[in-house]
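Thanks for coming. I will talk through one chain, starting with how its pieces sit against each other and then moving to the interior.

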Amino acid sequence: MGARKHLMAEKYKEAKKQTAIAKLNDVPTSPRKMRLVADTIRGVEVNRALDLLKFSKKEASIRLEVLLKSAIANWEAKNPDNAKDLDNGNVYVKTIMVGPGRTLKRIRPCPQGRAGRIRKRSNHVTIILDTKTVEA
């Protein structure tokens, strides 16, 4: 039983070596606006995703482009031997998750002496890159 567990652990380690993760916390954009941009690059090859973000008009795409470059650098650090995979288009955005961050609550004056709430939302973004396995 111990040998089988060891094999599973080795397989898991090898799979984890192929992936690279980058996180961006407390981005001062609402999660909904960030998801609009994140959906465009989900499952897309890395170089194409960089182009999509570069030419997007959305403000959130600027921050996502920086995060994607960070994830690529993490992938390169983990896989120094497989640098050609990046040029061949084998590295792609496996998952990109956008979750809500903290919400700053502010007050603005409203009619009849009331106070209206302003919610300044933020979000957390996580990108996971992976390598496409070539079927022989």
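Which strands does helix 4 lie across? This is a predicted model, so please keep that in mind. In it, helix 4 lies across strand 1, strand 2 and strand 5, and runs at about 150 degrees to strand 1.

Now the sheet. Three strands make an open sheet, and the order is 1-5-2, with antiparallel pairing. Strand 1 and strand 2 are at the edges with a single partner strand each, so one side of each has no neighbour in the sheet. On average, neighbouring strands here are turned by 15 degrees against each other, if direction is ignored.

Take one pairing in detail. Strand 1 and strand 5 are joined by six bridges in the antiparallel sense. Ala20 has Leu129 of strand 5 standing opposite.

On to the interior. The largest nonpolar core has 27 residues, and those that touch the most other members are Leu64, Leu68, Ile96, Ile127 and Leu129. At least two residues of this core come from each of strand 1, helix 2, helix 3, helix 4, strand 2 and strand 5. Helix 4 gives the most, namely seven residues.

Last, look again at Leu129. What does Leu129 touch, not counting residues up to four places away in sequence? The list for Leu129 includes Gln18, Thr19 and Ala20, then Val46, then Leu68, Ala71, Ile72 and Trp75. Val91, Tyr92, Val93 and Lys94 are also touched by Leu129.

That is the end of my part.

Definitions and conventions:
Residues numbered from 1 in each chain as written. Predicted model: local features only at pLDDT ≥ 70, side-chain atom pairs only at ≥ 80, totals over all residues. Heavy atoms only, no water. Core = buried A, V, L, I, M, F, W, Y, C linked by side-chain atoms within 4.5 Å. Buried < 20%, exposed > 50% of the residue type's maximum accessible area, 1.4 Å probe, protein only. Helix = DSSP H or I, 4+ residues; strand = E, 2+ residues; numbered from the N terminus. Contact = heavy atoms within 4.5 Å. Pairing = 2+ DSSP bridges. Axes fitted to C-alpha atoms, helices over the stretch in contact; angles between N-to-C directions.
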